[in-house]
Amino acid sequence: MRQGQPNIGVGLRPTHYPFLEPRPQTQVTWFEAVSENYMDTKGRPLDMLELIREDYPVALHGVSLSIASAEGLRPTYLQNLRKLVDRIDPFIVSDHLCWTGLNQQNLHDLLPIPFTEEALTLIVEHVDQVQTFLQRPILLENVSTYLQIPGCEYTEWDFLQAVADRSGCQILLDLNNLYVNASNHHFDPYVFLEQIPTHIIGQVHLAGYTDMGTHLFDTHSKPVYPAVWDLFSSLIARAPDLPVLIEWDEDIPEFPQLEEEALKAAHIWTYHHGQTHTQPLSAPIFSSFPQT
Ligand SMILES: [Fe+2]
């Protein structure tokens with residue numbers, strides 16, 4: 001990653017393949033690909049990922065490692081992941097701090113974990129297995145949750161720190177997920193941000209949620225909300241070299257609109273750390289944020 005400049009990426013999504021195939025100049029500086037979409041497959045998706053990799057750093061982000069599963073890790077999944085990692089040479093390999101299935105069935109959901117010593121021991125053991133197998137550290141992402149499991153012995157931020165400290169992995173901090181959880185479970189997201197040391201954070205996600213009336217739902221279907229931009233502003237002021245990603249997975253806009261969202265993150269970086277060659281925005285980041 002570049003030092004002293006904003007490192008803002010976007011997710012590589014099939015809907016943008018026609019736009020990206022002619023290899024246009026873009027304002028984003030890296031891409032994140034969902035690992036499972038390119039594992040054990042051939043043809044256009046893998047060709048596209050390799051094309052992007054020729055021009056940009058790429059991060060691989062998994063959704064079904066199931067690091068917290070009491071059933072243990074799946075050897076075939078890890079072998080397929082390692083093949084992809086060897087082929088693409090990503091600068092980050094990440095997944096989620098959750099479990100995703102039972103009885104060898106993938107539920108295609110990021111399910112919450114109890115923040116207990118027992119879960120911590122299991123997760124650290126699994127992270128060690130993954131990192132040993134891949135021969136590299138991984139990042140684990142905080143997930144959005146809609147219930148709190150009784151009997152937790154740690155706060156979420158202390159649990160994340162303990163996982164990182166004991167396993168040597170880093171945290172992919174999703175600020176949208178943090179905001180969703182803070183709203184759904186009634187805590188102050190800035191307490192979380194103050195408590196978690198920046199050296200254990202290896203990457204940031206930004207996305208948009210949907211307000212369901214009774215709770216916030218992590219849909220990745222909208223622009224980043226002002227409250228999440230404020231959290232980002234607070235974090236990037238203290239940790240300027242973090243790679244930052246705009247995630248947009250439903251109602252995905254055309255690439256230029258996604259790029260504009262990435263530019264907003266770059267402008268907030270510039271607000272804190274000085275001038276770069278960031279292109280002007282077509283609209284304010286949000287009405288109360290100072291213009292750069
Ligand atoms: Fe995320």
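The following exchange examines how several descriptions of this predicted model are justified.

Me: What makes the eight strands β1-β2-β3-β4-β7-β8-β9-β12 a barrel, and how are they paired?

Reply: The eight strands close in the order β1-β2-β3-β4-β7-β8-β9-β12, with parallel pairing. From one strand to the next, the twist averages 30°.

Me: How do you know that β2 and β3 pair?

Reply: Pairing requires at least two bridges between the strands. Strand β2 (residues 30-34) and strand β3 (residues 58-61) are joined by four bridges and run parallel, so the criterion is met. One of the bridge partnerships links Phe31 to Val58 in β3.

Me: What makes β5 and β6 a pair, and what lies between them?

Reply: Three bridges join strand β5 (residues 99-102) to strand β6 (residues 105-111), and the two run antiparallel. At least two bridges are needed, so β5 and β6 count as paired. Trp99 has Leu111 of β6 as its bridge partner. The two strands form a hairpin with two residues between them, and Asn103 in the turn has a positive phi of about 50°.

Me: Why are α6 and α8 called oblique to each other?

Reply: The axes of helix α6 (residues 175-185) and helix α8 (residues 226-238) cross at roughly 120° and come within 9 Å. Roughly perpendicular covers 65 to 115 degrees, and roughly antiparallel begins over 145. The angle of roughly 120° falls in neither range, and α6 and α8 are therefore oblique. The crossing of α6 past α8 is right-handed.

Me: Which residues make the contact of α6 with α8, and how do they divide by class?

Reply: On the α6 side the contact is made by Leu175, Asn176, Leu178 and Tyr179, and on the α8 side by Ala227, Val228, Leu231, Phe232 and Leu235. By class, the contact of α6 with α8 has eight nonpolar residues, one polar and no charged ones.

Me: What makes α6 a mostly covered helix?

Reply: Of the 11 residues in α6, nine are buried. The buried residues are Leu175, Asn176, Asn177, Leu178, Tyr179, Val180, Asn181, Ala182 and Asn184. Their cover includes β8 (170-174), α7 (189-195), β9 (201-206), β11 (216-217) and α8. After α6 comes His186, which has a positive phi near 60°.

Me: Why is α4 called oblique to α5?

Reply: Helix α4 (residues 117-134) and helix α5 (residues 156-167) pack at an angle of about 40°, with their axes 9 Å apart. Roughly parallel would require an angle under 35 degrees, and roughly perpendicular starts at 65. The value of about 40° meets neither condition, so α4 is oblique to α5. The passage of α4 across α5 is right-handed. Leu120, Ile123, Val124, Val127 and Asp128 in α4 meet Phe159, Ala162, Val163, Arg166 and Ser167 in α5. These residues of the α4 and α5 contact divide into seven nonpolar, one polar and two charged.

Me: Why does the term oblique also apply to α3 and α4?

Reply: The axes of helix α3 (residues 75-88) and α4 cross at roughly 45° and come within 10 Å. An angle under 35 degrees would be roughly parallel, and 65 to 115 roughly perpendicular. Roughly 45° is in neither class, and α3 and α4 are therefore oblique to each other. The crossing of α3 past α4 is right-handed. In this contact, Leu78, Arg82 and Val85 in α3 meet Val130, Phe133 and Leu134 in α4. By class, the contact of α3 with α4 has five nonpolar residues, no polar and one charged.

Me: How do you know whether Pro243 is buried or exposed?

Reply: Pro243 has 21 other C-beta atoms within 10 Å. A residue is buried at 20 or more, so Pro243 is buried. Pro243 is found in the loop between α8 and β12 (244-246). Leaving aside neighbours within four places in sequence, Pro243 is in contact with Met1, Asn7, Gly9, Trp30 and Gln203.

Me: Why is Phe289 called partly exposed?

Reply: Phe289 has 16 other C-beta atoms within 10 Å. Buried requires 20 or more, and exposed requires 12 or fewer. The count of 16 lies in between, so Phe289 is partly exposed. Phe289 lies in the segment after α9 (255-273). Leaving aside neighbours within four places in sequence, Phe289 is in contact with Trp229 and Pro284.

Technical notes:
Residues numbered from 1 in each chain as written. Predicted model: local features only at pLDDT ≥ 70, side-chain atom pairs only at ≥ 80, totals over all residues. Axes fitted to C-alpha atoms, helices over the stretch in contact; angles between N-to-C directions. Left-handed = near helix turned anticlockwise from the far one by under 90°. Contact = placed C-beta atoms within 7 Å. Nonpolar A, V, L, I, M, F, W, Y, C, P; charged D, E, K, R; others polar.
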